[in-house]
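I opened a fresh notebook page for this one and wrote down what I looked up as I went along. Come and read over my shoulder.

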Amino acid sequence: MSKNSLRVVRASEIDLKEKVVAIKRVAKVVKGGRRFSFSAIVVVGDGNGVVGYGLGKANEVTDAIAKGIDDAKKNLVKVPVYHHTVPHSIEGKYSGGFVLVKPAAAGTGVIAGGAMRAVFESAGIRDVLAKSKGSSNPHNVVKATFDALSKMRDPLAVAQQRGVNLSKVFNG
């Protein structure tokens with residue numbers, strides 16, 4: 001994700017809802033055997049275009065989730081939402097994760113896999129068609145989805161940049 005395309009938002013200004021995407025038990029092998037801890041990836045959003053994700057690691061599940069929520073609140077971005085869908089088709093990539101995101105007609109719903117679904121619902125995107133190609137690792141899928149959403153261009157900004165009205169942007 002390039003820094004210039006992200007629109008950073010402060011967590012203190014908005015009411016956020018959190019969704020746990022995945023929790024894994026991870027092991028560290030030490031001299032005395034295995035040490036187990038938990039890793040949680042969490043997505044937070046206000047349901048109105050502001051969304052963020054975070055990773056938390058701790059010895060207890062609840063602590064890992066709490067750390068993930070804190071991390072997600074530090075990494076909030078504003079994504080363009082147009083009539084409860086995305087403004088245009090886009091592809092996102094992160095490591096082995098590759099996602100395709102397309103706008104959908106009103107009433108379609110969120111047609112997306114588990115990790116992507118949490119991101120879209122937290123962002124307030126109600127109608128979208130999405131396909132995860134490549135890695136099914138939730139970490140890579142969430143980061144690839146954020147990459148796609150960060151590349152999205154706001155239709156109003158595009159209309160102003162081109163010097164035309166909003167209907168001309170969509171209908172040529």
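**Entry 1: a salt bridge in a helix.** I began with Asp 147, which forms a salt bridge with Lys 151; their closest N and O atoms are 3.4 Å apart. I keep in mind that this is a predicted model. I then checked where the two partners sit: both belong to helix α3, and because they are 4 residues apart, about one helical turn separates them. Next I asked myself: is Asp 147 buried or exposed? With a relative accessibility of 10%, Asp 147 counts as buried. Lys 151, on the other hand, is partly exposed, at 41% relative accessible area.

**Entry 2: a small network.** Right after that I found that salt bridges sharing partners link Lys 19, Arg 117 and Glu 121 into one network. I took its pairs in turn. Lys 19 and Glu 121 meet through their side chains in a salt bridge of 3.0 Å, N to O. Lys 19 is in strand β1 and Glu 121 is in helix α2 (residues 114-123), so this pair ties together parts that lie 102 residues apart in sequence. The side chains of Arg 117 and Glu 121 also meet in a salt bridge, at 3.6 Å from N to O. Here the partners are 4 residues apart in helix α2, which puts about one helical turn between them.

I looked up the exposure of each member too. Lys 19 is partly exposed at 32% relative accessible area, Arg 117 is partly exposed at 33%, and Glu 121 counts as partly exposed at 34%. How many salt bridges did the search give? The count comes to 3.

**Entry 3: the sheet.** I turned to the strands and traced an open sheet of 4, ordered β1-β2-β3-β4, with antiparallel pairing. Its edge strands are β1 (17-30) and β4 (76-78), each of which pairs on one side only. On average, neighbouring strands in this sheet are turned by 15 degrees against each other, ignoring direction. I looked closely at β2 (residues 33-45) and β3 (residues 50-58): they run antiparallel, and 8 bridges join them. Ile 41 stands opposite Leu 55 in β3. I also noted what lies across this sheet's strands: helix α1 (residues 61-74) lies across β1, β2, β3 and β4, and runs at about 145 degrees to β3.

**Entry 4: rings.** Which aromatic pairs turn up in the whole structure? I found 1. Tyr 53 and Phe 146 make a tilted pair, with 4.7 Å from centre to centre and 55 degrees between the planes. Tyr 53 is in strand β3 and Phe 146 is in helix α3 (residues 138-151), so the pair ties together parts 93 residues apart in sequence. Tyr 53 counts as buried at 18% relative accessibility, and Phe 146 is buried as well, at 2% relative accessible area. I added one more ring to the list: Arg 25 lies over the face of Phe 36, at 3.9 Å from the ring centre.

**Entry 5: two loop residues.** Last, I looked at backbone angles. His 83 is not a glycine, yet has a positive phi of about 55 degrees. I located His 83 in the loop between β4 and β5 (90-94), and it is exposed, at 60% relative accessible area. Ser 95, likewise not a glycine, has a positive phi of about 50 degrees. Ser 95 belongs to the loop between β5 and β6 (97-103) and is exposed, with a relative accessible area of 52%.

Definitions and conventions
Residues numbered from 1 in each chain as written. Predicted model: local features only at pLDDT ≥ 70, side-chain atom pairs only at ≥ 80, totals over all residues. Heavy atoms only, no water. Pairing = 2+ DSSP bridges. Axes fitted to C-alpha atoms, helices over the stretch in contact; angles between N-to-C directions. Contact = heavy atoms within 4.5 Å. Phe/Tyr/Trp six-rings, centres within 6.5 Å; stacked < 30°, edge-to-face > 60°. Buried < 20%, exposed > 50% of the residue type's maximum accessible area, 1.4 Å probe, protein only. Lys NZ or Arg CZ within 6 Å of the ring centre and 35° of its normal. Salt bridge = Lys/Arg side-chain N within 4 Å of Asp/Glu carboxyl O.
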